[in-house]
Amino acid sequence: MAQKKGMLWASYLIFVLVHCQLQRARCDALPNVGINWGALTSYPLNPSSVVDLLKHNGIKKVKLFDADSWTLSALAGTGIEVMVGIPNDQMERLSDIDEAEEWVRKNLTKHLRNGVDIRYISVGNEPFLTSYGSKYTGSTLPAMKSIHEAVENIGVADQVKVTSCLNADVLVSSSDKPSDGEFRGDIKDVMKEMIEFLDYGDSPFFVNIYPFLSLYLNPNFPEELAFFDGSGKSFEDKGTVYTNVFDANVDTLVWALKKEGHPDVKIIVGEVGWPTDGHKSANQDKAKRFYDGFLKKLGNKQGSPLHPEVLDVYLFGLFDENLKSIEPGKFERHWGIFGYDGKPKFPIDFSGKGDDKMPVGVKGVRYKEKKWCVLSEDVKELNAVYDAYGYACANADCTSLGYGCSCADLDVRGNASYAFNQYFQVREQSVEACDFNGMATIVKRDPSEGTCKFPLAIESAANSLRALDAIIRSRLLGLALFFVTFM
C-alpha cells in the first residue's frame, strides 16, 4: 500500500514538473523583446500586479519613462532588466555634475543595492522631435555626459549605460530611400557629438520606429508596407529589396551612422507598436496583424537587410494612457496591448511562435460600482447639449469618438452620453460630476454599443494605498484608545 502511494506521489510530481515546464515554455517571451511601461493615466495599477503580468507573460525587459521608486521597488529581485528615464524638463538641471550625482544617488544607487537590474538610463525622451524645435538641443548631451560621469563615479558604468531615446524623425532622406539617410541638418552637429559619446561609452543608439505613423502622415502610403505578412508590395534601393517600412527605417539609421564614421554603434528599437483606437487605421485587428508579423520576424531571428542580426526591441506599450497629449493625434492614448484596466485587447504571442492566444492580464483589479452617467432621456433640445459635451471632452478622454474610431457610430445623444460618462468616471463617480446643468443622469444599465465601450472607473493603486493607510491608522488609533482606557 505504501509503495502504491509512493508511486502515485511520484507520478503526480512528474506531472506537476512537466506541466510547469510546458507552461514556462509556452509563456516565455523572446529574450530580445521588452515592453514600455508608461504612467500617464488616471488609473495607475499596482506596480506589483503589473510586475506579475510581466512575469506571467515571460517578459524580461521593461522600459520606464522615469525612475519612480514604487515601480522600481516592485521590480527588485525579479531578474527583469530595467531602463529608467529622465524627463526632458529635468535635463538642463542635470547638466550640472552635482545635480547628476544626487540624481544617481537617489534613483540608481539605492535601487541597484535593492536588487533592481537597471541596465540603461535614457536622458530625455525624444528630445529632438521636430515639433520641439531647439528647446532641448542644448541640454540633452550635457545632461548625458553628467549622468555618465556620475555613473562612472559609483563604479557601475559597465553595467548601466547612458543613452537617449530618439524618434526616427532625427533622420531624413532626400529620396525616401535608406541609402540617402542622414541626420537632420538642424541637429547634425549635436548628433555627431552624441554618436561619438555613445561609441566611446559602448552605449546603444535607441530609436523609436512607428510604421503606423508612415500610414497616418501620408494617406498615399501603401498600407501593405506597414506590415510584415509579405502581401506583394516592395521597393528597391541600390539592389536591396524592402518589403516593409520598419526595415527601411532601421537601414536608414544604419546608413546615417556609417556616414558619421560610427557603423558599429549598437542599435536598439526603443518603441515600436500599433494603436487600437483614435484613427481609422488604429484598431485591434490591425494591431494584431502588426504584432503577429513583427514577433514572428523576430522569432525567426530576422533583422533588416543591412542589419541582419535580430534587434533588441521594446514594444509600445503595456497600457492605454488617457493623460497623454493628443497633439500628434487621438491615437496617442491607445497604444496599449492591454487596456487601462490591465485586460488584454487581442491575442498576442510574445514568444514569436505565432500561437493565437490571449496574454495574461493584470489580476485583482477592482472596479467601481456598476453605474454610468448618460444624457437624460428627458432632454429633447439637443442643441443645448453641445456646450456640456465640449466641457466634458475638454476635461476627460473623448478620443474614441469621431470618424474611424471605436465609437464612430454613436449619434448626438450617444456622443454626449459617452463624454458625460468619461468625465464622471475619472472623477471617481462623484454624483456632482453627473449633472451638466441637469441634462445628465446616472444609470445602472451598461450603455455600451457594439465596439463602443463605456468604461468603468477602477480603484487605482494610489487610492487603494490611501484606503489601506486609513484603515491602519484607524486600527492603531483604536488600539491606542483601548490601552489608554483599560491598561
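**Exercise 1. Strand β2 and its partner**

Which residues point one way from strand β2 (residues 61-64), which point the other way, and are they buried or exposed?

*Solution.* This is a predicted model, so let's keep that in mind as we go.
- Step 1: take one face of the strand, where you will find Lys61 and Lys63.
- Step 2: turn to the other face, which carries Val62 and Leu64.
- Step 3: check accessibility against the cut-off of under 20% relative accessible area. Lys61, Val62, Lys63 and Leu64 are all buried.
- Step 4: look for a pairing strand. Strand β1 (residues 33-37) pairs with β2 in the parallel sense, over three bridges. Within this pair, Val62 of β2 has Ile35 opposite.

**Exercise 2. The nonpolar cores**

Find the residues that touch the most other members of the largest nonpolar core, and then look around Phe205.

*Solution.*
- Step 1: the largest nonpolar core holds 104 residues. Those touching the most other members are Leu75, Ile121, Ile147, Val151, Phe183, Phe205 and Leu315.
- Step 2: ask which element gives the most to this core; that is helix α9 (residues 245-259), with seven residues.
- Step 3: leave out residues up to four places away in sequence and list the contacts of Phe205. Among them are Leu166, Phe183, Met191, Leu253, Leu257 and Ile268, and also Lys266.
- Step 4: apart from this core lies another one, of 26 residues, including Ala388, Tyr418, Phe424 and Cys452.

**Exercise 3. The enclosed spaces**

How many cavities of 30 Å³ or more are there, and which residues line the largest cavity?

*Solution.*
- Step 1: the count is two cavities of 30 Å³ or more.
- Step 2: the largest cavity holds about 40 Å³ of space. Its lining is made of Tyr291, Asp292, Leu295, Lys296, Ile348, Asp349, Gly352 and Gly354.
- Step 3: sort that lining by class, which gives three nonpolar, two polar and three charged residues.
- Step 4: do likewise for the second largest cavity, with about 30 Å³ of space. Asn36, Trp37, Gly38, Phe316, Gly317, Leu318, Phe319 and Glu321 line it, and they divide into four nonpolar, three polar and one charged.

**Exercise 4. An open pocket**

Describe the second largest pocket by volume, centre and lining class.

*Solution.*
- Step 1: this pocket has about 1,100 Å³ of space.
- Step 2: 38 residues line the pocket, and the closest to its centre are Asp320, Gly339, Tyr340, Lys453 and Pro455.
- Step 3: helix α12 (residues 412-426) gives the most to the lining, with four residues.
- Step 4: by class, the lining has 12 nonpolar, 14 polar and 12 charged residues.

How values were computed:
Residues numbered from 1 in each chain as written. Predicted model: local features only at pLDDT ≥ 70, side-chain atom pairs only at ≥ 80, totals over all residues. Heavy atoms only, no water. 1 Å grid on protein atoms, 1.4 Å probe; cavity = no way out; pocket = protein on both sides within 12 Å on 5 of 7 lines; lining within 4 Å. Points joined across faces, edges and corners; volume = space filled by probe spheres on them. Nonpolar A, V, L, I, M, F, W, Y, C, P; charged D, E, K, R; others polar. Core = buried A, V, L, I, M, F, W, Y, C linked by side-chain atoms within 4.5 Å. Buried < 20%, exposed > 50% of the residue type's maximum accessible area, 1.4 Å probe, protein only. Helix = DSSP H or I, 4+ residues; strand = E, 2+ residues; numbered from the N terminus. Contact = heavy atoms within 4.5 Å. Pairing = 2+ DSSP bridges.
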